[in-house]
Amino acid sequence: MNATKNKTALDVLRKDDRIVIAGAGGFIAGALTRYFHDQGFTRIRAVDRKPLPHWYQRVPGVECLSMDLSEKDNCIRAVEGAVEVFNLAADMGGMGFIERFRVECLRSILVNTHLLEAAYRAGAARYFFSSSACAYNVTLQQDPHVRALKESDAYPAMAERGYGWEKLMSEMFCQEYTAERGLETHIARFHNVYGPLGTWDGGREKAPAAICRKVIEAKESGKHEIVIWGDGTQTRSFMYIDDCVKGIDLIMHCDRLTATPINLGSGELLSINELVDMAEEIGGVTLKRKYDPTAPRGVAGRNSDNTFIRQVLDWEPATPFGDGLRKTYAWIEAQFQDRKAGRPTVREVY
Ligand code: NAD
């Protein structure tokens, strides 16, 4: 695909412009921090409420602040001098987390509310919000053979309880700050992101990481069994992390996408059973499958309709799932072995 006409941060910013990335101790914002750093941006401020030793990556030369962005004063401090603000801070996880902790998910609205206002008052040129496919109407996702979700499917609204409603409301905040106050905002609806340096255990991990870990555990224990949440027929698409950070850059710097939510996801749909097949193949093992119908399974099917992003950017996330899963599996296996050997599991990259 020819995406050369698209603008990126390199076309729009000076190398010493201040870029603020919220949630940078986590998976996607950590990767975004590294992406901008590797392009030569020199004044990146990374912010997360986690203590610094718990960040998934810490990038050399980046200012790292550990602060809770649900507090207004911390948001004001975080965006001082910012030209661009990327909000990827949210209390979130896979289905096991977002179905159980709806209050925590909803409370992330405080982060976006304060950060957006602070960015506006600080005179930032652009603001990015990481929304989610969970903002879509759940009644359109009750069949594993769903048609892919297009941007207009968010309304009439019937978002995922808790997490999805927080995303939808925060999107609206961004849109109204553009309409009423002239702050340029950009909104991407991510569809399941996976890759190395993502969450792989502890209850917040998503399906690709969870399945890789379970396959590795089964191999290690010699107990060749795997428990699958639901009946395994539920379908999803998964976007590799490198596609995600590239997409964020393109969406943030596309004038046509001001205050216009857009899907950022892969259009390659597969069932959880197919995901297990692929992880087994990578692991070189066949496992007895046990299905847990009582476990959280989320909607029956969800895919990203990429018509709009192809039309506007002439680009879409295109890493084949098999390639990305192989890299993810290898990284999780290394983490697993580190843990077994008593070494720290989250690799800090200095
Ligand atoms: P993550 O959990 O790895 O990162 C989120 C980070 O936000 C965490 O490090 C967390 O400590 C931080 N955070 C939470 N509350 C905070 C607060 N009050 N103050 C400061 N920091 C706070 O998650 P991720 O996968 O990197 O997701 C990043 C963004 O993308 C989130 O907004 C998420 O909702 C969205 N998203 C992710 C996916 C996905 O598949 N990973 C899918 C759709 C949307």
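The following paragraphs lead the reader through a predicted model of a protein with a bound ligand.

Residues are numbered from 1 along each chain as its sequence is written, and side-chain values use heavy atoms, with hydrogens and water left out. Because the model is predicted, local features need pLDDT of at least 70 and side-chain atom pairs count only at pLDDT 80 or more, whereas totals for chains, interfaces and linings use all residues.

The ligand is a suitable place to begin. It is surrounded by 27 residues, of which Ile28, Asp48, Asp68, Tyr163 and Val193 are the closest; a residue belongs to these surroundings if one of its heavy atoms lies within 4 Å of the ligand. By type, this shell comprises 12 nonpolar, eight polar and seven charged residues. Here Ala, Val, Leu, Ile, Met, Phe, Trp, Tyr, Cys and Pro count as nonpolar, Asp, Glu, Lys and Arg as charged, and the others, Gly among them, as polar. Helix H2 (27-38), strand E5 (126-132) and helix H7 each supply at least two residues of the shell, and E5 gives the most, with three. Helices (H or I, at least four residues) and strands (E, at least two) are DSSP runs numbered from the N terminus.

Backbone atoms also approach the ligand. A polar backbone atom of Val193 is 2.7 Å from an oxygen atom of the ligand, a backbone N or O atom of Ile28 lies 2.8 Å from a ligand oxygen, and for Ala90 the corresponding distance is 3.4 Å. Of the 820 Å² of accessible area that the ligand has on its own, the protein covers 94%; such areas come from the Shrake-Rupley method with a 1.4 Å probe, and for residues only the protein chains shown count as cover.

Asp68, one of the closest residues to the ligand, has a side chain joined to that of Ser70 by a polar contact of 2.7 Å. A polar contact is a pair of N or O atoms within 3.5 Å; within protein, one must be able to donate a hydrogen and the other to accept it, and residues adjacent in sequence count only if both atoms are side-chain atoms. Ser70 is found in the loop between strand E3 (63-66) and helix H3 (72-78), and is buried because its relative accessible area is 16%. Buried means under 20%, exposed over 50%, and partly exposed in between (1.4 Å probe, protein chains only).

Attention now turns to charged pairs. Side chains of opposite charge can pair when their charged atoms come close. The structure holds 29 salt bridges, each a side-chain nitrogen of Lys or Arg within 4 Å of a carboxyl oxygen of Asp or Glu. In one of them, Arg34 pairs with Asp38 at 4.0 Å between the closest N and O atoms. These two residues are separated by about one helical turn because they are four residues apart in helix H2. Arg34 is partly exposed at 22% relative accessible area, whereas Asp38 is exposed at 52%.

Another salt bridge joins Arg302 and Glu160, with the closest N and O atoms 3.3 Å apart. This pair links distant parts of the chain, 142 residues apart: Arg302 lies in the loop between strand E13 (288-292) and helix H11 (307-313), and Glu160 in the loop between E5 and H7. Both Arg302 and Glu160 are buried. Elsewhere, Arg18, Arg45, Glu63, Arg77 and Glu80 are linked in a network of salt bridges.
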